[in-house]
Amino acid sequence: MQYRSKFKNAQEGFTLIELMIVVAIIGILAAIAIPQYQTYVAKSQVARVIGETGAQKTAVEDCVLNGKLTASATTCSGTATGSSLMDATGANTVNGGKPSDAKMGAPVLAFVGTDGGATLTATFGNSAAAVLKGKTVIWARDKEGTWTCKTDVEKKYEQIACPTTSAT
């Protein structure tokens, strides 16, 4: 009498339906995660540009306190280094002109009148998320020396330090 194992016909590996279920679950997770990740990246880029532009307030304050109320490489040029998230086409950038790398931009400085009012404007471009390109972050200084920040990015990318001015 030959002994026959009852486990000989046991299943080895996964069935097609089990594999299809796993692929479907991964697809659903990816469909949810990818848009959330893109939103997170855009929001972090907004925060970065707000910070990079805001960092130039000290250089502008120095210019105002020393009576240098024109933006140029010889009067008030600031200390900005190029940013891969900002558009590089502006004049009077606060690093004394356009960065040497054409793919790097810097905030644009403009003085408003002769009473110390100024604006620092950063325009998203270059490596910024597609939903941000062409949008701006503007730090504005009034004659009393108070700085305020406004941006025109969509509300979901807004940062507390720099509220959105548009209706989106």
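**Note on a predicted model: helix α2, the β3–β4 hairpin and the disulfide**

1. In helix α2, the buried residues are Ala59, Val60, Glu61, Cys63 and Val64. The model under discussion is a predicted one. These buried residues of α2 pack against four strands, namely β1, β2 (117-123), β3 and β4. Just after α2 comes Gly67, whose phi is positive, at about 75 degrees.

2. The reader may next turn to the hairpin. Strand β3 (residues 136-141) runs antiparallel to β4, and five bridges join the two. Between these strands lie five residues, and in this hairpin Gly145 adopts a positive phi near 95 degrees. One of the bridge partnerships places Trp139 opposite Cys149 of β4.

3. Strand β4 spans residues 147-151 and has two unlike faces: Trp147, Cys149 and Thr151 form the covered face, while Thr148 and Lys150 form the uncovered one. In a regular strand, side chains alternate between the two faces of the sheet.

4. How many disulfides does the model contain? The count is one disulfide. This disulfide is formed by Cys149 and Cys162, with 1.9 Å between their sulfur atoms. The link joins distant parts of the chain, since Cys149 belongs to strand β4 and Cys162 to the segment after β4, 13 residues apart. The link of Cys149 and Cys162 is left-handed, with -75 degrees about the S-S bond.

5. Are the two cysteines of this link buried or exposed? Residues under 20% relative accessible area are classed as buried. Cys149 has 5% relative accessibility and therefore counts as buried. Cys162, at 0% relative accessibility, also counts as buried. Cys149 thus appears in three settings: on the covered face of β4, as the bridge partner of Trp139, and in the disulfide with Cys162.

6. Trp139 deserves a further remark. Lys57 lies over the face of Trp139, 4.0 Å from the ring centre. As for aromatic pairs, the structure holds zero.

7. Where does Ser83 lie? Ser83 is found in the loop between α2 (57-65) and β1 (108-112). Ser83 counts as buried because its relative accessibility is 1%. The side chain of Ser83 makes a polar contact of 2.7 Å with the side chain of Glu52.

8. In summary, the buried residues of α2 pack against β1, β2, β3 and β4. Strands β3 and β4 are joined by five bridges, and Cys149 of β4 is linked by a disulfide to Cys162.

Definitions and conventions: Residues numbered from 1 in each chain as written. Predicted model: local features only at pLDDT ≥ 70, side-chain atom pairs only at ≥ 80, totals over all residues. Heavy atoms only, no water. Buried < 20%, exposed > 50% of the residue type's maximum accessible area, 1.4 Å probe, protein only. Pairing = 2+ DSSP bridges. Polar contact = N/O pair within 3.5 Å; in protein donor to acceptor, adjacent residues only side chain to side chain. Disulfide = S-S within 2.5 Å. Phe/Tyr/Trp six-rings, centres within 6.5 Å; stacked < 30°, edge-to-face > 60°. Lys NZ or Arg CZ within 6 Å of the ring centre and 35° of its normal. Contact = heavy atoms within 4.5 Å.
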